[in-house]
Amino acid sequence: MTTISLVTGASRGLGRNTAISIARHGGDVVLTYRTSAEDAMAVVAEIAALGRKAVALPLDVGDLASFPGFGEQLRDALTTLWNRDNVDHLVNNAGHGVMASISETTEAQFDALFDVHVKGVFFLTQALAPLIADGGRIVNISSGLTRVSFPGFSAYAAAKGAVEILTVYMAREFGSRGITVNTVAPGAIETDFLGGAVRDTPDYNKGFADMTTLGRVGTPDDIGPMVASLLGADNRWMTAQRIEVSGGQTI
Ligand code: NAP
């Protein structure tokens with residue numbers, strides 16, 4: 001049976017690549033976007049060109065009050081497009097970064113990080129749990145910065161650290177339904193993240209590249225296909241794990 005994967009924040013960057021990679025692996029996709037319906041529709045079109053089905057739904061992962069309404073939209077889309085009432089996979093990918101020292105981080109920056117990456121992931125997963133098929137998969141996107149420190153990422157890394165603990169508890173509580181839950185922790189990747197800092201700032205790019213064993217920073221193609229393969233049938237016995245995908249960053 002064709003699988004359906006829900007990928008949050010898939011209008012750009014790693015989520016976009018993950019959604020398209022899932023389609024290349026033969027799966028259908030529900031993708032979410034926050035600001036650009038146009039970008040999201042371009043991903044839907046690319047997936048359609050691969051011969052797979054996709055739909056894009058708006059979602060702000062920091063807006064917890066919107067989750068019941070999002071669940072309704074998801075149910076409607078699943079019925080209309082697939083004649084189903086659940087998805088097989090949830091990829092909690094959407095998020096943003098803040099680079100600020102501990103002395104400079106504002107409460108608003110801190111709250112926004114925790115609202116999206118911690119409360120958002122926790123309560124979206126809670127809201128969608130009834131819509132995830134037994135035997136399904138959840139992948140939570142964290143960061144290499146939870147293992148390796150880099151000045152300016154204390155609040156961001158703390159939020160991602162919480163995501164990794166949530167992964168273990170989700171694995172524990174959803175295990176009785178046969179649902180596996182794992183963390184994927186990318187290293188520095190060339191996307192729009194942090195205003196494209198890793199991609200567009202040569203010193204920054206080199207600094208992170210020098211930290212990796214493979215001698216470069218990552219690209220979305222280093223992450224999306226990996227997440228898609230993690231969702232494949234061959235990975236059914238792995239759960240509660242943190243998998244770092246960083247080209248060997250600071251090993
Ligand atoms: P990106 O290129 O900036 O894309 C972020 C995506 O998430 C966009 O689709 C964006 O939607 C969406 N998004 C952001 N905040 C959202 C919110 N509150 N609600 C819903 N959607 C939201 O970043 P990326 O590099 O792909 O990052 C994806 C994930 O990987 C994030 O969780 C990030 O922390 C993690 N990560 C990134 C790196 C890296 O170096 N790039 C490394 C480790 C981990 P809009 O277009 O509407 O803004």
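**Note on the predicted model and its ligand site**

1. Thr 167 is buried, at a relative accessible area of 1%. Its place is helix 5. The value comes from a predicted model. Along the chain, Thr 167 and Leu 145 are 22 residues apart, and 16 Å separates their C-alpha atoms.

2. Helix 5 also holds Arg 172. Is Arg 172 buried or exposed? Arg 172 counts as exposed because its relative accessibility is 71%, and the cut-off for exposed is over 50%. So helix 5 carries both a buried residue, Thr 167, and an exposed one, Arg 172. The C-alpha atom of Arg 172 is 8.9 Å from that of Thr 239, with the two positions 67 residues apart in sequence numbering.

3. Now the ligand. How many residues surround the ligand? The count is 28. The closest are Arg 34, Thr 35, Asn 93, Tyr 156 and Thr 191. By class, the shell splits into 11 nonpolar, 12 polar and 5 charged residues.

4. Three polar approaches to ligand oxygen atoms can be checked in the viewer. The side chain of Thr 35 places an N or O atom 2.6 Å from an oxygen atom of the ligand. For Tyr 156, a polar side-chain atom lies 2.6 Å from a ligand oxygen atom. With Asp 192 the partner is in the backbone: a polar atom there is 3.4 Å from an oxygen atom of the ligand. The protein buries 96% of the 890 Å² that the ligand exposes when taken alone.

5. Which pocket does the ligand take up? The space taken by the ligand is the largest pocket. Three elements give two or more residues each to the shell around the ligand: helix 1 (13-24), helix 4 (107-128) and helix 5 (154-174). Tyr 156, one of the closest residues to the ligand, has a number that falls within the range of helix 5.

6. Leu 31 makes a useful reference point for Tyr 156. Leu 31 sits in strand 2, residues 28-33. Its relative accessibility is 0%, so Leu 31 counts as buried. Leu 31 and Tyr 156 are 125 residues apart in sequence. Their C-alpha atoms are 24 Å apart in space.

7. Next, the loop between helix 3 (67-82) and strand 4 (87-92), where Arg 84 is found. Arg 84 is a charged residue type, yet it counts as buried, because its relative accessibility of 16% falls under the 20% cut-off. What does the side chain of Arg 84 contact? One partner is the side chain of Asn 86, in a polar contact of 2.8 Å. Another is the side chain of Asp 88, joined to Arg 84 by a polar contact of 3.1 Å.

8. Asn 83 is in the loop between helix 3 and strand 4 as well. Asn 83 is exposed, since its relative accessible area is 66%. Its backbone deserves a look. Phi of Asn 83 is near 55°, a positive value in a residue other than glycine. Most residues other than glycine have a negative phi.

9. A second positive phi turns up at Thr 250. The angle is about 50°, and Thr 250 is not a glycine. Where is Thr 250 found? Thr 250 is in the segment after strand 7 (242-245). With a relative accessible area of 37%, Thr 250 is partly exposed.

10. Last, Asp 221. Asp 221 lies in the loop between helix 7 (202-211) and helix 8 (224-230). It is exposed, because its relative accessible area of 53% is over 50%. The side chain of Asp 221 still makes a polar contact, 2.9 Å, with the side chain of Asn 17. The number of Asn 17 falls within helix 1 (13-24), one of the elements that supply two or more residues to the ligand shell. From Asp 221 to Arg 75 the C-alpha distance is 30 Å, and the two are 146 residues apart in sequence.

Conventions: Residues numbered from 1 in each chain as written. Predicted model: local features only at pLDDT ≥ 70, side-chain atom pairs only at ≥ 80, totals over all residues. Heavy atoms only, no water. Near = heavy atom within 4 Å. Polar contact = N/O pair within 3.5 Å; in protein donor to acceptor, adjacent residues only side chain to side chain. Areas by Shrake-Rupley, 256 points an atom, 1.4 Å probe, with all protein chains shown as cover. 1 Å grid on protein atoms, 1.4 Å probe; cavity = no way out; pocket = protein on both sides within 12 Å on 5 of 7 lines; lining within 4 Å. Sits in = over half its atoms within 2 Å of the grid points. Helix = DSSP H or I, 4+ residues; strand = E, 2+ residues; numbered from the N terminus. Buried < 20%, exposed > 50% of the residue type's maximum accessible area, 1.4 Å probe, protein only.
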